[in-house]
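The following questions and answers introduce a structure to a reader who has not met it before. Please examine the sequence and the model first.

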Amino acid sequence: MTDSNQSNGHSSVRERIEQGLARRHRKEKIFRGLGIASIAFGILVVALLFTDIISKGAGAFRQTAIELQITYDPAVLGIDKVDHESLTWANFTGVIRESLRARFPEVSGRSDKRELYSMVSSGAPFTLRDRLEANPELLGKTEQVWLAADDDVDTFVKSLDDSKEGFRGRTSEMMAGWIQQLLKSGELKRRFNTAFFTNGDSREPEQAGIRAALVGSLLTLLVTLVLSFPIGVAAAIYLEEYAPKNRWTDLIEVNINNLAAVPSIVFGLLGLAIFINFFELPRSAPLVGGLVLTLMTLPTIIISSRAALKAVPPSIREAAMGMGASRMQVVFHHVLPLAMPGMLTGAIIGMAQALGETAPLLMIGMVAFIVDVPGGVTDPATVLPVQIFLWADSPERAFVERTSAAIMVLLSFLIVMNASAVWLRKKLERRW
Amino acid sequence: MNKRPVNKKIVASALAALTIAASQAALAARDHISIVGSSTVYPFTTTVAERFSRGTQFNTPVVESTGTGGGMKLFCQGVGENTPDITGASRRIKQSELDNCHKNGIDVVEVQVGFDGIAVANSKDAEQLSLSRKDLFLALAKQVPNPDGSETLVANPYKTWKDVNPALPAHKIEVLGPPPTSGTRDAFAELVMEHGCETIPMIAKMEKDKKKVVCQTLREDGAYVEAGENDNLIVNKLVADHNALGIFGFSYLDQNTDKIQGSKIDGESPTFESIADHSYPVSRPLFIYVKKSHVGVVPGMKQFLAEFTSERAWGEEGYLADKGMIPMPTAKRQQVLANVRKLNALSNLAQK
């Protein structure tokens, strides 16, 4: 408002505008407030999710172990030399029982002894086998070994944090007594849970690990990346740089956009029909998983690659053409390098999406119990989100915290992938 | 001109991927056992699979959790290395499924492995309920006999447990249970609902097809909540909502006895012992079905079956009992074992 307006006696106009101004400012404040509120709500939800997962899952990184005095007695083991063949049949369970009986000599009676033996994980004999195989000179000697405790013991010990009584559902009075006794003397302790990172899946929570699923995820993603990135980029270049604009290319474009929104289970059904039933590729293999996820991520990669190509200013193409470059030289020498950061970002986001998929893998047999770590793309494998799903559905208490711990691992992978997408874009991006 | 290698690299990697794919088409015979089927049997098959691979030189069998029906479909698809060797089932095979198997040239060996109890439970902070199967039927069926005594069916009018049976508390009826795709739901419909409605004379004399619909259709007005396949989820919801009851497998009750308690059904609490001696009425048999022609072809099939049917696995003190499976009586175990050793194929369902 200028002074001349005022002097012309339009004070009522000015008043009205000032009133309106106040209203407009108020509206802006409300809008800003709403924006902040929605972001705050988002952060709150994420914070809740993370605290819930971390508070539930943190316990899984530490596993209760029992320190036992183990004698590798050849008589009990039933072997006289250390080689792979004889170790397979050696009675390591007997050695552990011997040691438990020596620690609690007062325990007698069949059922009491059975209870005593059940304190140690059923995987412990294999720990000892591996130890002896690695150190053959231990045969006949005695040493102190930390062995994983059974998951019921683990659950009980961890529940003591929350209440004095602890969760006694699966732990008898007698067993609780032994545990308290061992806890006091320091023979029962929570130690770092290496098995969680080195083992495959197991029905015994204390032996269950994410390694097989992690390797399976990496193999599957590798196949997906190797297939979907070149195909996606090639399709995008053709559609953007070469293809004529006509009804056919419009139709293709609509279809690509459509495919990006198709529920992922549909790709799984397609994979089952084509790759497994028709091409007879093996079930549960990362190869087939990668092929299915390729189909799923291709639209994402094509769309983002096309957007990246579109963002390269036409002046660069024109300048290159003007210098006498051929169409292909223009694309590969000038446009593609400039569009690459955007394409990589799209690819990484597509990969991150593929990393979290379970539904399409259900149909092709990757929702499975896998103990052995896969060694190649045709070995049976599962992936991290499937492992989380399977554990979430298991009745054993100790799987609850392992589920959350596996979610933490998956989340950290996603964060690393998305952060690297941001970093790549920042680093390689060029502005005009 | 130095950008050309990028182009070549892309082509090379695409070619490499195609070669991998092509070489796999000619894959040699499968060297691990492939198992599909019920999610209820899954914890037990996987336990056996793990012990089996540790005790022998064979690869660990791959166990997929596909549901009973889905497993049967895959299993009966045909014979060959791309079809599963074994499927788990939380109910007996249906005649239609068996016919489908026979049509595709599959000889099926039936192995009953044990029992599973279904528990109806609520939060430990609420009082333990003592229900009859008739109470459960009246509380959960979509249509019930008219409470005024006339012999007609009406939409279920009951709002609280007290309405159903004056001896029960006046809590709102709210039951969380599995969706229709679940084997647990099938078993609940058969063992509880059907049995409960047979006790009502008016329904008992109905003709078979109509009776089945009346007996097995659950109400859809919010009193029965389909809470998904995940039983742990139901357990968590029970802890949050003291008035709600939940329906799930016995193993989940066994692992969470500090938070929830099983309701008595027909006067019996769900415990390991009461399910094993069948005094607790809601238990169902668990099966695995084996493809006879794969035994001896896929490495380790015989040994796997031997492990599953060994005393240390399915016996009274076996490791499967520890996982929550209820063992069969000794005589029944011996009978099944003899059948497994001979690999007698199932010809029709009349034989048992």
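Q: What distance separates the centres of domain 1 of chain B and domain 2 of chain B?
A: This is a predicted model, in which local features need pLDDT of at least 70 and side-chain atom pairs count only at pLDDT 80 or more, while totals for chains, interfaces and linings use all residues. Residues are numbered from 1 along each chain as its sequence is written, and chains are lettered from A and ligands numbered from 1 in the order in which they are written. Chain B has domain 1 (29–116 + 284–342) and domain 2 (117–283), with bounds that come from an automatic or database domain assignment. Taken over C-alpha atoms, the separation of their centres is 30 Å.

Q: How many residues of domain 2 of chain B are in contact with domain 1 of chain B?
A: Two residues are in contact if their C-beta atoms, placed from the backbone, lie within 7 Å. Domain 1 of chain B brings 15 residues to this contact, and the number from domain 2 of chain B is 16.

Q: Which domain of chain A follows domain 1 (3–58) and domain 2 (61–201) in the assignment, and how far apart are the centres of domain 2 and domain 3 of chain A?
A: The division of chain A lists domain 1 (3–58), domain 2 (61–201) and domain 3 (211–428). Between domain 2 and domain 3 of chain A, the contact takes 10 residues from domain 2 and 12 residues from domain 3. Over C-alpha atoms, the centres of these two domains are separated by 44 Å.

Q: Which strands stand at the edges of the open sheet of chain A?
A: Helices (H or I, at least four residues) and strands (E, at least two) are DSSP runs, numbered from the N terminus, and two strands pair if DSSP finds at least two bridges between them. The sheet has 3 strands in the order β2-β1-β3, with antiparallel pairing. Each edge strand has a single partner strand, so one side of each is left without a neighbour in the sheet; these strands are β2 (142–148) and β3 (188–192) of chain A.

Q: Which residue of β3(A) stands opposite Ala65(A)?
A: Strand β1 (residues 62–71) of chain A pairs with β3(A) in the antiparallel sense over 5 bridges. Opposite Ala65(A) in β3(A) is Lys189(A).

Q: How are α16(A) and α19(A) oriented to each other?
A: The axes of helix α16 (residues 327–355) and helix α19 (residues 398–428) of chain A come within 9 Å and cross at roughly 175°. Axes are lines fitted to C-alpha atoms, for helices over the stretch in contact, and angles run from 0 to 180 degrees between N-to-C directions. Angles over 145 degrees count as roughly antiparallel. The two helices, α16(A) and α19(A), are therefore roughly antiparallel.

Q: Which element gives the most residues to the side of chain B that touches chain A?
A: The contact between the chains takes 38 residues from chain B and 35 residues from chain A. On the chain B side, α1 (4–25), α2 (42–55), β2 (62–64) and α11 (250–255) each supply at least two residues. With 10 residues, the element that gives the most is α1(B).

Q: What is the bridge partner of Ala368(A) in β2(B)?
A: Strand β4 (residues 368–369) of chain A and β2(B) pair in the antiparallel sense over 2 bridges. Within β2(B), the partner of Ala368(A) is Glu64(B).

How values were computed:
Angles under 35 degrees count as roughly parallel, over 145 as roughly antiparallel, 65 to 115 as roughly perpendicular and the rest as oblique.
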